[in-house]
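User: I would like to learn how to read a few features of a model. Can we take them one at a time?

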Amino acid sequence: MRILKIMLSFLIVVFLVFPQTLLAQEEWTPLFDGETLNGWTQKGGDAPYTVEDGAIVGETIPNNDNSFLTTDKTYGDFILEFEVWVNPHINSGVQIRSLSKESYRDGRVHGYQVELDPSDRAWTGGIYDEARRGWLYPITQSEKSQSAFRNGQWNKVRIEAIGSTINTWVNGVQCARLVDDMTAEGFIALQVHFPWQDQMVGGKVKWRDIRILTENLEAHSTTPDPQVPEISYLKNELTELEKRRGWRLLWDGKTSDGWRGAKLDHFPESGWEIEDGVLTVQETDGGEATGPGDIITRNQFSDFELELEFKITEGANSGIKYFVDPGLNQGPGSAIGTEFQILDDENHPDANQGVAGNRQVGSLYDLIAAENLSAPSRSKPFNGVGRWNKARIVSKDGHVEHWLNNQKVVEYDRFSQMFAALVAYSKYEKWEGFGRWPQGHLLLQDHGNEVSFRSIKVREL
């Protein structure tokens, strides 16, 4: 009896001192009972899922589509934890807020996927939009996040999906910090990827200790790592963190405030359409600034970070220019400045002009060809015609980077001898000091094709 009283007194003290800890333990719900697949349904491919030693085991089989073991219940806001082991020859993922509807690709599972990537790319904890938009948050801006996953071992993953924010941790290290409002609720699913190489056949993925928390989330959420960048896909809207870090919208999504024609003192009266939060230069004759003309910011920028989304039509050509001096060329053609090329590489003839692809999408136009610098073994990360792509340009103390869909594709020093040599053998050689001016306007180009823009934002560094 005395021992029971002591234990009861101890529990009372612990509850009084650490009430949230005890409450959190009580509120967790297991999604896997350790013995059966009750509460789960398979969708997609035919990869087998079994239970072995208290873990769900999925195995790749040849000639098979992606397979998904999905929860029968759907979840909106939650904190999810699990442990996972991945064969080093395959990749996998866990779907969250995902859907399967007959109206979408005959029931194809689609939605947010937290990546499990044992390859040298090391993007475990990143967020991929399965069968929809592709990579939303590749692990390309945080080296410590890339090293969080331990190959050939059990790894603990934590996912916090609260409102429009999805944060991930792998072994206690934050990996992704995404803001996106496309899907608020859906099922959770364990993926077995189709094997595209013979060595992947028979590879296994194991999950265990899968549990979820759906109530009192704010009290149990983890403080984000300030060194892990936030990536937002909110349309023409800034997050609170972006505001605190100095971002501002360059276009409000409704008016032409802050912009004018590159060769005008006002915004073009026609040819640039503003509708439903999208800014579109309309199709004309395919010529350079022969329609409504380029538009530029009224302000000038020196050290800055610019981000926007663009969408092109088939065969389209356009560009984002920076360090623009609109007074240099008052005749035919576009205003003069360094350019992040926007192009349909497959269908526009300019893709085969220039040198070694330096006129293709993402390139420093006519100077440096875009290539995937974040994942050199992978192709350039262009989402395609008719889909939104994210462009990012960073300029700081002469160092400039182009990013396409959150993967670095160009890097250079605008004050280097190499840059000067490239300019000397380009169409820009006649413009003295090209690309080295201390400041300039930002520009969206009219090249006679329909191209759309949105979510244009900037911060000065």
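**Reading the salt bridges and cores**

Analyst: Start with Arg-208, which is partly exposed because its relative accessible area is 27%. Keep in mind that this is a predicted model.

User: Which residue does the side chain of Arg-208 meet in a salt bridge?

Analyst: Its partner is Glu-83, at 3.0 Å from N to O. Look at the sequence positions too. Glu-83 lies in strand S6 and Arg-208 in strand S15 (residues 204-213), so read this by the strand runs: the pair links distant parts of the chain, 125 residues apart.

User: How many salt bridges does the whole structure have?

Analyst: A full search finds 26. One network links Glu-81, Lys-156, Arg-158, Glu-160 and Arg-211.

User: Is Glu-115 buried or exposed?

Analyst: Buried, because its relative accessible area is 3% and the cut-off is under 20%. Arg-121 also counts as buried, at 15%. Their side chains form a salt bridge of 3.4 Å, N to O. Arg-121 forms another with Asp-117, at 3.0 Å. Asp-117 is buried as well.

User: Which strand gives the most to the largest nonpolar core?

Analyst: That core has 47 residues; Phe-82 and Trp-207 are among those touching the most other members. Strand S6 (residues 78-86) gives the most, with five residues. A second, separate core of 46 residues includes Trp-251 and Phe-419.

User: What is the average pLDDT of the chain?

Analyst: It is 93, and 94% of the residues score at least 70. Over residues 3-8 the pLDDT is below 50, with zero contacts beyond near neighbours in sequence. Where pLDDT is low, do not read the predicted coordinates in detail.

Conventions:
Residues numbered from 1 in each chain as written. Predicted model: local features only at pLDDT ≥ 70, side-chain atom pairs only at ≥ 80, totals over all residues. Heavy atoms only, no water. Core = buried A, V, L, I, M, F, W, Y, C linked by side-chain atoms within 4.5 Å. Buried < 20%, exposed > 50% of the residue type's maximum accessible area, 1.4 Å probe, protein only. Helix = DSSP H or I, 4+ residues; strand = E, 2+ residues; numbered from the N terminus. pLDDT = per-residue confidence, 0-100. Contact = heavy atoms within 4.5 Å. Salt bridge = Lys/Arg side-chain N within 4 Å of Asp/Glu carboxyl O.
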